[in-house]
Amino acid sequence: AVDVSRTTFTGSKEQLRAKSMAQIGALLTLIALRNNDKVGLVTFSDKLETFHPPRKARSAVWRILHEVLNPNAEGHKTDLAGFCNFLIKTLRRPAIVFLISDFICPPCERELAMLAQKHDLTAVYVTDPLDNELPKLGLLSLSNPETNQTVTIDSSDPIVSEVYKKHFADHRQTMERLFNKHGIGIIELETNRPLLAPVQQY
């Protein structure tokens, strides 16, 4: 399952989050193909974008690879709860689910917990160096890609930098505690680092 909301089309150095997500989605698909496992795909934003039920056919796998590497989302925001509810109702049998997202959205603990009770759920948490620290460049205009709201801040102000850093750190800790509490596996990826090593270590 791949989050294709507008926040995934952000990044600071090597590449956008969306590109990292597409690459890891393609990698996981090829691993499943090699293991002769069924492969399905859900892409979502604030709506269900695409759904391919799990299948073993190679033709289905190639279509999935194409959609993972070439996302075309209509929605802007992230409805993580809606995605969880869809999968809970749709997948009748226990499955291995990789949820690839930046998780820049409300935690929706109840829905994630219900999904994890029914399926073997792993969160692939994609972050960017800008989540950890703002560059000291003076006045910056920051735009929310999901709402198009813009705010101007002084990135050289240490108080502003600390508030920004704490906001992302607190949210990340909240999500990680939620994952650990409900037995959800975590693969942490960064847009400026190789993707293969964390998957191999997992």
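Y164 is buried in this predicted model, with a relative accessible area of 18%. The cut-off for buried is under 20%, so Y164 qualifies at 18%. F168 has 22% relative accessibility and therefore counts as partly exposed. Their ring centres are 5.1 Å apart. Their planes meet at 55°, so this pair is tilted. Both residues belong to helix α5 (residues 158-181). They are 4 residues apart, about one turn of the helix. An α-helix has 3.6 residues a turn, so residues three or four places apart point the same way.

**Helix α5**

Helix α5 has 24 residues. At 1.5 Å a residue they should span 34 Å. The end C-alpha atoms of α5 are 34 Å apart, which agrees. Buried positions in α5 are S161, Y164, M175, L178 and F179. Their cover includes α4, β5 and β8 (185-190).

F179 also has partners outside its own stretch of sequence. Beyond neighbours within four places, F179 contacts F103, L112, A123, Y125, I184 and I186. Two of these contacts, F103 and Y125, join F179 in one aromatic cluster. Y125 has a charged partner as well: R172 lies over the face of its ring, 5.7 Å from the ring centre.

**Aromatic pairs**

The model holds 6 aromatic pairs. In one of them, F44 and F83 have ring centres 4.6 Å apart and planes at 15°, so the pair is stacked. This pair links distant parts of the chain. F44 sits in strand β2 (residues 39-44), F83 in helix α3 (residues 80-90), and 39 residues separate them. Both F44 and F83 are buried. The table sets out the two pairs described here.

| Pair | Centre distance | Plane angle | Class |
|---|---|---|---|
| F44 and F83 | 4.6 Å | 15° | stacked |
| Y164 and F168 | 5.1 Å | 55° | tilted |

**Nonpolar cores**

The largest nonpolar core has 25 residues. Within this core, L80, F83, L99, L112 and F179 touch the most other members. Elements giving two or more residues to the core are β2, α3, β4 (96-101), α4 (109-118), β5 (120-127) and α5. The largest share, 6 residues, comes from α3. Another core lies apart from this one. That second core has 22 residues, including V2, V4, A22 and V126.

**Cysteines**

How many disulfides does the model have? The count is 0. C84 is in no disulfide, and its nearest cysteine sulfur, that of C108, is 4.9 Å away. C84 is buried, with a relative accessible area of 0%. C108 is likewise in no disulfide; its nearest cysteine sulfur is that of C84, at 4.9 Å. C108 is buried too, with a relative accessible area of 15%. A disulfide needs sulfur atoms within 2.5 Å, and the sulfurs of C84 and C108 are 4.9 Å apart.

**R17**

Is R17 buried or exposed? R17 is buried, with a relative accessible area of 5%. The residue lies in helix α1 (residues 17-34). Leaving aside neighbours within four places in sequence, the contacts of R17 include T7, T8 and T10. Further along the chain, R17 contacts D102, I104, V126, T127, D128, D131 and T191. One of these contacts, V126, is among the members of the 22-residue core.

How values were computed. Residues are numbered from 1 along each chain as its sequence is written. This is a predicted model: local features need pLDDT of at least 70, side-chain atom pairs count only at pLDDT 80 or more; totals for chains, interfaces and linings use all residues. Side-chain values use heavy atoms; hydrogens and water are left out. Rings of Phe, Tyr and Trp (its six-membered ring) pair if their centres lie within 6.5 Å; planes under 30 degrees apart count as stacked, over 60 as edge-to-face and the rest as tilted. Buried means under 20% relative accessible area, exposed over 50%, partly exposed in between (1.4 Å probe, protein chains only). A charge sits over a ring if NZ of Lys or CZ of Arg is within 6 Å of the ring centre and within 35 degrees of the ring normal. A nonpolar core is a set of buried Ala, Val, Leu, Ile, Met, Phe, Trp, Tyr and Cys residues joined through side-chain atoms within 4.5 Å. Contact means heavy atoms within 4.5 Å. The expected span of a helix is 1.5 Å times one less than its number of residues.
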